[in-house]
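I opened this model to look up how its two chains meet and how the parts within each chain are arranged. My notes follow in the order in which I went through it.

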Amino acid sequence: MDKNERIWKLLMYLRASATPVSWAEMVRDTDLYLDDGPSSKKTFERDKKDLRSCGIAIHTETIGGSDEAAGGTRYAIRDADLFLNLQLSANEGLALEMAATIVQFDAAWEMDALAKLGAGALPSPPPLRAQLSAPEELVSLHNAVDRRRRISFMYGGVAREVEPTLVFWRRGSWYVHGYQNGIAKNFKVDRFQSDVAEGPDNSSSNYEVPDSAEAMSKDPLLHGPDEGIIARVLVDAVLARQIERDRGGVVERRDDGSVVVEVDVRSPGAFRSWLFGMRDHAVVLSPPEVVEDVISWLRALAGAR
Amino acid sequence: MRKRRTNDERLALQLAMILWAHEHQPVTVAEVAAHFGLDPDDAYSELYPLQGIEVAVNDEFHNLGVVVEDDGEIFFDMNPLFGRPRQLERGEAMGLLAAANAALRLPGTDVDSLKTAVSKLGNALGIGSSLSVEITDPEHLKVVERATRDRERIRIEYYARWTDEVSIRTVEPYETINVEGNWYLRAHCLLRDDHRTFRIDRIENVELTGEICLRTDPGNQPFTGGDEAPVARIEVPAHARWMIEPLPVQIVEDDERLVIDLPVSSTVFLESLLLRLGPDARIVGDDSFRDVASDVAQRLLVRYKES
């Protein structure tokens, strides 16, 4: 018998049987497996694995009593193991298909999900497409947040135990927000140095779930202490519109098209990175300590041939 | 002709096809094939054997109820055992919900239907939406998306960071795609008469032209750089690792020191990177890039003297 046919018949048999069936009953009542020997049992195990990989879980229960079958296993595929109770309208189904075609994980989770929901290929590719990485840790992290489980992992060479509250993707990277020793922190998933170990359900405190903007400021210049110093930066005309659009904060417009913007400096490293991203199209005007810091940096670079 | 598939791929496809066909009957094999993007013969060869699936349980015969007629029409006599959507694995459920939630904020989606679908999915899956995907929506994305969808030429004012120049060009959009968090437009540029990729947040202005695109998409091509570009080998201080994480670099050493190879199509980007990395970074290897950092630093120092 062809393997595909056998798996389908196994599926039909387990679905159509009113009560769970044992391996011995399966061999006796069907022609799916030659005998109850180890080779046939191995084939059955492989068939179960193929069904599982298609999302069809086989329910198992231990046979009670005291006869020779006692302690063995009975198998069934129940409605709850197989079906998702989901009644989507045609428009909802199409909207989901379109969404999953627009936002794609590189693990293709959403496409596998759509196949199980009976969706096919869209008639034409969408005009927009966003590709997201899907690191191995993601399912585990989501699971931990959803079930309020503590997690532990190595990060920055240090073992961490964290109560996670949110997993979010921003600008190409995944982050987990959570509490380590009661202090809110963000961890970049790419930098995890070990697998994630999950604790039991509800082992994490019931912290309020922030939105991603609360968890980590969207402006990298605002990462760092709560209070910074305000710097004034002159940006040349060639980049003025872009900076005004992206950051705002324009306090002066000059005739040559350049603008002066005010920037809240909380982390000197992040500020320099932003500033030097504009190369010689931006100059810090004030305060003197920030100007001096930038000039010292440039002098060191100019001398380091 | 049937395409080669693994057993689980074959089973998954058959399950998806009979579910869709069951919901859309009366339906033909050709329609199923079109919906799943398959060759009709391939779809037929996957559906046809399902007619013979029959098992006896307590002397009662059960079959799948699929009948594929010679003219290609498919019928279902009964399908109480399979005609509903199947359970999703954790990753699938999470991925679908996150994709749907993220798409809600993007142009081109049926927001009302998607909202109710997301709500139904969340309830049915019994998982929370504690996975947040932030996809930026730059100022001109909507117009670019519309032009891509309608195959309409657009005129853009664009700042190219690699050349440090602003130019006005007419382009024929092929695809609008978000990679590593940034939106790009892949298009034919009439100014250069070549295939180009533009970062959408660097488009200063955009206008629809009303003219239809004439070219067909030649397919994806590398964004920038490429094999031909010379390579700068840079020793990066450990504290600046975060700056090179998003870059298309090759790490050549990562033990006592961090050394990367960066393809350099234009020194403009290299100047910016070396300024950001600071005096603790240094070019190793090729002498042609050795003075890039000091030259740009001196240019900037002149500006500070003037200001």
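**Entry 1: a strand pair across the chains.** I looked up A:Arg129 and found it opposite B:Ile177, a residue of S8(B). This is a predicted model. The strands involved are S5 of chain A, residues 128–132, and S8 of chain B, residues 165–179. I noted that they pair in the parallel sense, over 4 bridges.

**Entry 2: the whole contact between the chains.** I then asked how many residues of each chain are in contact with the other. On chain A there are 89, and on chain B there are 94. Which element gives the largest share of the chain A side? I found that helix H1 of chain A, residues 3–16, does, with 10 residues. I also sorted the chain A side by class: 50 residues are nonpolar, 17 are polar and 22 are charged.

**Entry 3: the two H1 helices.** I took H1(A) together with helix H1 of chain B, which covers residues 7–24. Two packed helices are described by the angle between their axes and the distance between the axes. Here the axes come within 10 Å and cross at roughly 55°. An angle of that kind is neither under 35 degrees nor in the range 65 to 115, so I wrote down H1(A) and H1(B) as oblique to each other. The crossing of H1(A) past H1(B) is right-handed. From H1(A), the residues that meet the other helix are A:Lys3, A:Asn4 and A:Ile7. From H1(B), they are B:Asn7, B:Arg10 and B:Leu11. I counted this contact by class as 2 nonpolar, 2 polar and 2 charged residues.

**Entry 4: domains.** For chain A, the domain assignment lists domain 1 (3–82), domain 2 (90–132), domain 3 (137–216) and domain 4 (222–303). The C-alpha centres of domain 1 and domain 2 of chain A are 33 Å apart. For chain B, I read domain 1 (7–76), domain 2 (90–125), domain 3 (141–212) and domain 4 (231–306). In chain B, the C-alpha centres of domain 3 and domain 4 are separated by 29 Å. Between these two domains, 5 residues of domain 3 are in contact with 5 residues of domain 4. On the domain 3 side I noted 1 nonpolar, 1 polar and 3 charged residues.

**Entry 5: an open sheet in chain A.** I followed 4 strands of chain A that form an open sheet with antiparallel pairing, in the order S12-S13-S11-S14. Which strands stand at the edges? They are S12 (250–253) and S14 (282–286) of chain A; each has a single partner strand, so one side of each has no neighbour in the sheet. From one strand to the next, the twist averages 30°. Within the sheet, S11(A), residues 229–235, and S14(A) pair over 4 bridges in the antiparallel sense. A:Leu234 has A:Val283 in S14(A) as its bridge partner. Helix H10 of chain A, residues 268–276, lies across S11, S13 (259–265) and S14 of chain A, at about 155° to S13(A).

**Entry 6: a hairpin in chain A.** S6(A), residues 151–155, and S7(A), residues 158–170, run antiparallel and are joined by 5 bridges. I found A:Tyr155 bridged to A:Val158 in S7(A). S6(A) and S7(A) form a hairpin with 2 residues between them, and A:Gly156 in the turn has a positive phi of about 60°. S6(A) is also joined by 2 bridges to S10(A), residues 197–198, and the two run antiparallel. For A:Ser152, the bridge partner in S10(A) is A:Ala197.

How values were computed. Residues numbered from 1 in each chain as written. Chains lettered and ligands numbered in written order. Predicted model: local features only at pLDDT ≥ 70, side-chain atom pairs only at ≥ 80, totals over all residues. Contact = placed C-beta atoms within 7 Å. Nonpolar A, V, L, I, M, F, W, Y, C, P; charged D, E, K, R; others polar. Pairing = 2+ DSSP bridges. Axes fitted to C-alpha atoms, helices over the stretch in contact; angles between N-to-C directions. Parallel < 35°, antiparallel > 145°, perpendicular 65-115°, else oblique. Left-handed = near helix turned anticlockwise from the far one by under 90°. Domains from an automatic or database assignment.
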